[in-house]
Amino acid sequence: MKALRYGRSAAILAAGALALTACGTDNATGTDPEPASNNAETTVSGTLTGAGASSQQAAMTAWKAGFEGMHPKAQVQYSPDGSGAGREAFLSEGVQFAGSDAYLDDQEYAASKEICGPEGALNIPAYVSPIAVAFNLPGIDSLNLDAKTIASIFNGDIKKWNDEAIASQNPDADLPDLPITVVHRSDDSGTTENFVDYLSVAAPDAWPYEVSGNWPSKIVAESSQGTSGVVTTTSSTKGAITYSDASAVGDLGQAKVKVGDEYVELNAEAASKAVEAATPVEGRPDQDMSLDLKRDTTESGAYPIVLVSYHIYCSEYENQETADLAKAFGSYAISEEGQQDAAKSAGNAPISDTLRDQAQQAIDSISVAS
């Protein structure tokens, strides 16, 4: 009997953030995760290495603390270098798992078979977050924006905050005659890929660029490294706008995004509705949990600028120690306890029981190469 496929009706909630020991701290909620009680009976030992999405950084801090509390002889090391860097490190065997705000594309999945065996790598949803369109306009906390206007701001066609396209959607806002400074990620980023995927689907006439983790080179704008970098630059630049993992934006203003005939505020429930409309990626093994998101949804209350951040593991590892580490850590991260620990640190809401059950089946299938 084939394993259950994930997400057609899985309700997942979210909001993300950043922080990790040895890599600096950008804890969005300012709370430290409480380590889980030690389990003296555990046989899991060794070091599991990972790299990737900075959006997962605060959650990863909590997962690391909780997992190591449960398994005193085990350690997790994670470097939040960005999703693209994480996938590259994983495929070059520099790390044993990756965190990524985008699942492996077809070429990357094919390459994973060289290191992970004939079934390749597994993409396991572990963290779901809305992407905020965040701006620095003193005195303005919220703006209504449709997809075409967002795309036209980020492609440079709309240059001032009192442009008619913005003003017509916000008649009660005192919009300043101020230049707009667009701030984007300088690194290969899953957040960028998810954001431009939304623009290309929801506003194709205003955003004709290829969907990629790298910002379009034809668009001249400010750039910063990582999630914390774009938020810091935007926070210090009056009139700036960026896109970022939602719980990292702090006191910046945020856009309500037009979906159908309404403007939807960014929140966990709205992100969940968008993910519920996702469909499985074709051509992947039954255990893989990659999701295609419907960016142009018109479902009431759905917030379509959302990312699903994955843990990417091999379906096969060369030795039992690494397989046991990957299975134990992966199981903890998606567990009810692991999700609650992450929520305390990162502000994300726990994944649904349906998604957890399907993810656990996939993680349980990890084996040792024969």
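Cys116 and Cys314 are joined by a disulfide, with an S to S distance of 2.0 Å. The model is a predicted one, and this is the one disulfide that the structure holds. The torsion about the S-S bond of Cys116 and Cys314 comes out at about -55°, so the disulfide is left-handed. As for where the two ends sit, Cys116 belongs to helix 3 (residues 106–116) and Cys314 to strand 13 (residues 306–314), so the pair ties together parts that are 198 residues apart in sequence. Both ends are tucked away from the surface: Cys116 is buried, and Cys314 is buried as well.

Stepping back to the whole chain, the protein has eleven helices and 15 strands. It runs to 370 residues, and 56% of them count as buried. Among contacts with a separation of 6 or more, 78% are between residues 24 or more positions apart. The accessible surface adds up to about 14,800 Å², and carbon and sulfur atoms account for 44% of that.

Now for the inside. In soluble globular proteins, nonpolar side chains tend to be buried together. Here the largest nonpolar core has 58 residues, and the members that touch the most others are Trp63, Phe67, Phe90, Phe97, Ile124, Tyr313 and Phe329. Helix 9 (residues 320–334) is the top contributor to this core, giving eight residues. Another core lies apart from it; this one has 49 residues, including Phe135, Ile150, Ile158 and Val182.

Tyr313 is worth a look on its own. Leaving aside residues up to four places away in sequence, Tyr313 touches Phe90, Phe97, Ala121, Leu122, Ile124, Ala326, Phe329, Gly330 and Ile366.

Helix 9 also packs against helix 10 (residues 336–346), at an angle of about 65° and with the axes 4 Å apart. On the helix 9 side the contact is made by Tyr332, Ala333 and Ile334, while helix 10 brings Glu336, Glu337, Gly338, Gln339 and Asp341. By character, the residues of this contact split into three nonpolar, two polar and three charged.

Last comes helix 7 (residues 226–235), whose buried residues are Gly226, Thr227, Gly229, Val230, Val231 and Thr234. Strands do part of the covering here: strand 4 (121–135), strand 6 (181–185), strand 7 (222–224) and strand 8 (240–245) are included in what lies over the buried residues of helix 7.

How values were computed. Residues are numbered from 1 along each chain as its sequence is written. This is a predicted model: local features need pLDDT of at least 70, side-chain atom pairs count only at pLDDT 80 or more; totals for chains, interfaces and linings use all residues. Side-chain values use heavy atoms; hydrogens and water are left out. Buried means under 20% relative accessible area, exposed over 50%, partly exposed in between (1.4 Å probe, protein chains only). Contact means heavy atoms within 4.5 Å. Accessible areas come from the Shrake-Rupley method with a 1.4 Å probe; for residues, only the protein chains shown count as cover. A nonpolar core is a set of buried Ala, Val, Leu, Ile, Met, Phe, Trp, Tyr and Cys residues joined through side-chain atoms within 4.5 Å. Axes are lines fitted to C-alpha atoms, for helices over the stretch in contact, and angles run from 0 to 180 degrees between N-to-C directions. Ala, Val, Leu, Ile, Met, Phe, Trp, Tyr, Cys and Pro count as nonpolar, Asp, Glu, Lys and Arg as charged, and the others, Gly among them, as polar. A disulfide is a pair of cysteine sulfur atoms within 2.5 Å.
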